[in-house]
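This report covers two bound ligands and a few parts of the protein fold. Please keep the sequence and the model in view while reading.

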Amino acid sequence: MATNGDQQATPKPPPNPSPLRNAKFFQANMRILVTGGAGFIGSHLVDKLMENEKNEVIVADNYFTGSKDNLKKWIGHPRFELIRHDVTEPLLIEVDQIYHLACPASPIFYKYNPVKTIKTNVIGTLNMLGLAKRVGARILLTSTSEVYGDPLIHPQTESYWGNVNPIGVRSCYDEGKRVAETLMFDYHRQHGIEIRIARIFNTYGPRMNIDDGRVVSNFIAQAIRDDPLTVQAPGTQTRSFCYVSDMVDGLIRLMEGDNTGPINIGNPGEFTMIELAENVKELINPKVEIIMVENTPDDPRQRKPDITKAKELLGWEPKVKLRDGLPLMEDDVRTRLGVPKNK
Ligand SMILES: NC(=O)c1ccc[n+]([C@@H]2O[C@H](COP(=O)([O-])OP(=O)(O)OC[C@H]3O[C@@H](n4cnc5c(N)ncnc54)[C@H](O)[C@@H]3O)[C@@H](O)[C@H]2O)c1
Ligand SMILES: O=c1ccn([C@@H]2O[C@H](COP(=O)(O)OP(=O)(O)O[C@H]3OC[C@@H](O)[C@H](O)[C@H]3O)[C@@H](O)[C@H]2O)c(=O)[nH]1
């Protein structure tokens, strides 16, 4: 089988880092940009980065799917800054690391304005690579398991090139992320930029938008509201769900380590959508109905990460099992919906 992920060029030395890095008037010695930091994964990443007093964190977000509410505990903190910024426009700041997450992730949202989604992935990633090049920052891209498309290899290893429809309704996202990965490697090979690529598999947890449309947030909100759980046909399609704290741990290890990736970060526990609905029903609302509804085009039929690389190269593997993570997310969704456990 052909491989694509392991080609490591001899990188040119990166440009000099920001001269401000060692300026004595700075308390912090690492200034980190998180694009998309007002979103679900981004805001948890910010929480973790802010725990380290050496870090100064800047979030750039256009609030398309994210919210200031996710960052409210940091607004006003001296080591934190929030900028309303669209990554399709250049950003001129001085940073040491860039976690580049900005991109709508829920299929409903990324299909809502597909041209904007692909611009975000292509022009947005170009702009962030341009910034990384100018200031000598290391940049991490949150790519996706969707680069494998409807995979013909199972579980998916990083060396698999994928089976993606280039002209389908999901292509703005799948192909957008594939181009973003290409840009990352081209900047690495051509300009010596220090890159990291994470291929994230389905992630869930507190702060997901309740009306986000993704399956875990849908099922939990439906169970709490006594609405039927909407399994999209045929229901035998599989996904592997990673709890957000595990994801954040994996992203930080990747950024801090020596490997460019791409590296799969996800939980290999694999469930059909019917099994997921049954778990939500049992754990959250045993009386709720499960119904079958129509699916959307190009829905991948199976997905499970091979995490051998993450284990070996990052010393990472997920700790939170689905049945432990679902109740943690339930508590958060109940609080936001204002529906206590024993209503
Ligand atoms: N959650 C998952 O299961 C999953 C899986 C694979 C990959 N990812 C990737 O992880 C990243 C974060 O996903 P998430 O689940 O937190 O999604 P999210 O929608 O909650 O967060 C995305 C954030 O990016 C912002 N954004 C979107 N377009 C922007 C633009 N043009 N300029 C500036 N900000 C913009 C949004 O406002 C939001 O705050 C995305 O890159 C996504 O592709 C997520
Ligand atoms: O109410 C629902 C919603 C979704 N589903 C099914 O659940 C599965 C997962 O769908 P989601 O919308 O949660 O997410 P997908 O796996 O399709 O895409 C996700 O993959 C990885 C990331 O890059 C993105 O966060 C997103 O694109 C699909 O098979 C879908 O058909 C349901 O059965 N019922």
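How many nonpolar, polar and charged residues does the shell around ligand 1 have? By class there are 13 nonpolar, twelve polar and four charged residues. The model is a predicted one.

## Surroundings of ligand 1

The shell of ligand 1 holds 29 residues, and those that come nearest are Ile41, Asp61, Thr65, Leu101 and Tyr173. Three polar backbone contacts to oxygen atoms of this ligand can be listed individually. A polar backbone atom of Thr203 is 2.8 Å from a ligand 1 oxygen, Gly66 offers a polar backbone atom at 3.0 Å from an oxygen of ligand 1, and a backbone N or O atom of Cys103 lies at 3.4 Å from an oxygen of ligand 1. Ligand 1 taken alone exposes 830 Å², of which the protein buries 97%.

Two or more residues of this shell come from each of the elements α1 (40-51), β5 (138-144) and α4 (171-191). Strand β5 gives the most, with three residues.

## Surroundings of ligand 2

Around ligand 2 there are 22 residues, with Thr144, Tyr173, Thr230, Gln232 and Arg239 coming nearest. Tyr173 is thus named among the nearest residues for ligand 1 and again for ligand 2.

Side chains take part in the polar contacts here. A polar side-chain atom of Asn202 lies 2.8 Å from an oxygen atom of ligand 2, and a polar side-chain atom of Asn218 is likewise 2.8 Å from an oxygen atom of ligand 2. The backbone also contributes, with a polar backbone atom of Ala105 at 3.0 Å from a ligand 2 oxygen. On its own, ligand 2 exposes 670 Å², and the protein buries 95% of that.

By class, the shell around ligand 2 divides into eight nonpolar, eight polar and six charged residues. At least two of its residues are supplied by each of α2 (107-112), α5 (215-224) and β8 (229-232).

## Strands β1 and β2

Strand β1 covers residues 30-35 and is mostly covered, with five of its six residues buried. It runs parallel to strand β2 (residues 55-61), and six bridges join the two. Within this pairing, Ile32 stands opposite Val57 in β2.

## Helix α6

Does the end-to-end distance of α6 agree or disagree with the span expected for a helix of 13 residues? Helix α6 runs over residues 244-256, and at 1.5 Å a residue its 13 residues should span 18 Å. The C-alpha atoms at its ends are 18 Å apart, so the distance agrees with the expected span.

Many positions along α6 can be checked for burial. The buried residues are Val244, Asp246, Met247, Val248, Gly250, Leu251, Ile252, Leu254 and Met255.

## Two buried strand residues

Thr238 lies in strand β9 (residues 238-240). Its relative accessible area is 10%, which is under the 20% cut-off, so Thr238 counts as buried. The side chain of Thr238 reaches the backbone nitrogen of Arg303 at a distance of 3.1 Å.

Ala198 is part of strand β6 (residues 195-200). With a relative accessible area of 0%, Ala198 also falls under the 20% cut-off and is therefore buried. Ala198 and Pro151 are separated by 47 residues in sequence, and their C-alpha atoms are 18 Å apart in space.

Note on methods
Residues numbered from 1 in each chain as written. Chains lettered and ligands numbered in written order. Predicted model: local features only at pLDDT ≥ 70, side-chain atom pairs only at ≥ 80, totals over all residues. Heavy atoms only, no water. Near = heavy atom within 4 Å. Polar contact = N/O pair within 3.5 Å; in protein donor to acceptor, adjacent residues only side chain to side chain. Areas by Shrake-Rupley, 256 points an atom, 1.4 Å probe, with all protein chains shown as cover. Helix = DSSP H or I, 4+ residues; strand = E, 2+ residues; numbered from the N terminus. Nonpolar A, V, L, I, M, F, W, Y, C, P; charged D, E, K, R; others polar. Expected span 1.5 Å × (residues − 1). Buried < 20%, exposed > 50% of the residue type's maximum accessible area, 1.4 Å probe, protein only. Pairing = 2+ DSSP bridges.
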